[in-house]
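Got the model open in your viewer? Let's walk through it one selection at a time, starting with the whole chain and then zooming in.

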Amino acid sequence: LEKTLAHQEAFMRGAAASVLRRVDGEKALALLEKALADKDANVRSEAAGSLGCVGGEKALALLEQALADQDVFVRINVAGALGSVGGEKALALLKKALADQDASVRWSAADALGCMGGEKAMVLLENTLAGKEADARSGAASALGRMGGEKVLALLEKALADQDDRVRTNAATALGCVGGERALELLEVAITDKESRVLGNAAWALGSVGGEQALALLEKALSDQDDFVRMNAADALGRVGSEQALALLEKALADQDARVREKAAESLGSVGSVHALALLEKALADQDSLVRSSAAAAIGSSGGEKELAILEKTLASQDAGMRSEAAWALRDVGGEKAVALLEKALADMDGEVRIYAASALGWVGGAKARDALLKRLALEKDKKVLGTLSDTLRKQYSGAPAVEKALKELRIP
């Protein structure tokens, strides 16, 4: 590592500085001190991150020095590292970082305080919430989500009344992380905010809190005029996962915005009921490819017999896009049946379907998948498909005699 830190390529020096986080002792600290003086900012940034993992008084002294670095990204990593080290000295340095001229550094310092936790860190965050800088207040609100307790809830309630919508947005998100009845009460207020970003994040947070009241609020959010709010509501319903949530997701699948329908399909995969599966099968015929992709992925992730039957049926669709999505979804199912279906898909008339099938077989792996790929390799004429077949074989079965022989015979480099 010492030799690599002297490499002419900055990328190599940065990699060495990063690896040093796994090494203890004075020698590692000495090397990281050297890396902090590197002319390349990325190397210095990696060194700062490693110091956070190594810890100790010497590391803190070096991080204090690095906090004055001229590069913003170095100072961002320093703030994060201080949160990992912890202690009184780190708190004092993070207090200083909260006054940095760059907003990203101030945010990183607030986030580090949230990771540290404790009364003193909370006092600093409380003071930051009362400050003039909106981005610092926003970072403090976000950091409070890592803590918890009545004091945190009181501070987040205050943040929900902030004049800056970024602060209110992050406060809403943080409430979802904290959870509990009081958080739900505050989210009920947040979801009436005039700014759609605040509403959307409040809707997302309700999915973490859960409960009947949260479902009632999410039902209302699904009718909001802003598609961002409706999309986050659909996401939240997947995390709630009840029968009532399922009924609301069915409604979201009929939304005019494709992104809302896509998120609804994704959420249905988390519910995992017979009704949810029926809705996902319906979503496979959606006019939007992203919705179909989410539906197919959700079906594939479940991996049961009924799901396999739906994907097999979809592989016989007249729509090539649907066949492609079904082939790709089979990668998550795995097993002999999935391999057999994918081998059949390798003979599809559409090249894109064959590409998805080849990639999926590589994902599944195993001798039967390899044999199916080799068999198709000898027959394939399409250059793009040939490229996928050869790349998949080379990546997944590198060094296998049968694979090397086939590639050599076909003169594929």
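Before the first stop, a word on contacts: two residues count as touching when they have heavy atoms within 4.5 Å of each other. Keep in mind, too, that what you're looking at is a predicted model.

**Stop 1: the whole chain**

Show everything as a cartoon. You'll see 26 helices and 0 strands in the protein chain. Turn it along its principal axes, and the C-alpha atoms fill a box of roughly 65 × 60 × 25 Å. Of the 413 residues in the protein chain, 50% are buried. Now for those contacts: if you take the ones between residues at least 6 apart in sequence, 60% join residues at least 24 apart.

**Stop 2: Asp38 and a loop**

Select Asp38, in the loop between α2 (26-35) and α3 (41-54). Is Asp38 buried or exposed? The cut-off for buried is under 20% relative accessible area, and Asp38, with 13%, is therefore buried. Show the neighbours as sticks: leaving aside residues up to four places away in sequence, Asp38 touches Arg13, Val43 and Arg44.

**Stop 3: Gly131 and another loop**

Move on to Gly131, which sits in the loop between α8 (119-129) and α9 (134-144). This glycine has a relative accessible area of 28%, so Gly131 goes down as partly exposed. If you like, draw a distance from Gly131 to Asp111: C-alpha to C-alpha they are 16 Å apart in space, with their positions 20 residues apart in sequence.

**Stop 4: α11 against α13**

Colour helix α11 (residues 165-178) and helix α13 (residues 196-209). Their axes are 7 Å apart, and the helices pack at an angle of about 5°. Angles under 35 degrees count as roughly parallel, and α11 and α13 are therefore roughly parallel to each other. Which residues of α11 make the contact? On that side, pick Asp165, Arg166, Arg168, Thr169, Ala172, Thr173, Leu175 and Gly176. Across from them on α13 are Arg197, Val198, Asn201, Ala202, Trp204, Ala205, Ser208 and Val209. Colour this contact by class and you get 7 nonpolar, 5 polar and 4 charged residues.

**Stop 5: α19 against α20**

Next, select helix α19 (residues 289-302) and helix α20 (residues 305-314). Their axes come within 8 Å and cross at roughly 140°. That angle makes α19 oblique to α20. As for handedness, α19 passes α20 in a left-handed crossing. Put side chains on Ala296, Ile299, Gly300 and Ser302 in α19, and you'll find them meeting Glu307, Ile310 and Leu311 in α20. By class, the contact of α19 with α20 comes to 4 nonpolar, 2 polar and 1 charged residues.

**Stop 6: the aromatic rings**

How many aromatic pairs does a search of the whole structure find? The search turns up 2. In general, you describe a pair of aromatic rings by the distance of the centres and the angle of the planes.

Start with Trp328 and Tyr356. Their ring centres are 6.2 Å apart and the planes lie at 65°, so this pair is edge-to-face. The two come from distant parts of the chain, with Trp328 in helix α21 (residues 320-333) and Tyr356 in helix α23 (residues 351-364), 28 residues apart. At 26% relative accessibility, Trp328 counts as partly exposed, and Tyr356, at 31%, counts as partly exposed.

Keep Trp328 selected and add Trp363. Here the ring centres are 6.0 Å apart with the planes at 75°, so this pair is edge-to-face as well. Once more distant parts of the chain are linked: Trp328 is in helix α21 and Trp363 in helix α23, 35 residues apart. Trp363 has 55% relative accessibility and counts as exposed. Show Trp328, Tyr356 and Trp363 together, and you have one aromatic cluster.

**Stop 7: α23 against α24**

Stay with α23 and add helix α24 (residues 367-377). The two pack at an angle of about 145°, with their axes 9 Å apart. α23 passes α24 in a left-handed crossing. To see the contact, select Arg354, Ala358, Leu361 and Gly362 on α23, plus Ala369, Ala372, Leu373 and Arg376 on α24. The residues of this contact divide into 5 nonpolar, 1 polar and 2 charged.

Note on methods: Residues are numbered from 1 along each chain as its sequence is written. This is a predicted model: local features need pLDDT of at least 70, side-chain atom pairs count only at pLDDT 80 or more; totals for chains, interfaces and linings use all residues. Side-chain values use heavy atoms; hydrogens and water are left out. Axes are lines fitted to C-alpha atoms, for helices over the stretch in contact, and angles run from 0 to 180 degrees between N-to-C directions. Helices (H or I, at least four residues) and strands (E, at least two) are DSSP runs, numbered from the N terminus. Angles under 35 degrees count as roughly parallel, over 145 as roughly antiparallel, 65 to 115 as roughly perpendicular and the rest as oblique. A crossing is left-handed if the near helix is turned anticlockwise from the far one by less than a right angle, and right-handed if clockwise. Ala, Val, Leu, Ile, Met, Phe, Trp, Tyr, Cys and Pro count as nonpolar, Asp, Glu, Lys and Arg as charged, and the others, Gly among them, as polar. Rings of Phe, Tyr and Trp (its six-membered ring) pair if their centres lie within 6.5 Å; planes under 30 degrees apart count as stacked, over 60 as edge-to-face and the rest as tilted. Buried means under 20% relative accessible area, exposed over 50%, partly exposed in between (1.4 Å probe, protein chains only).
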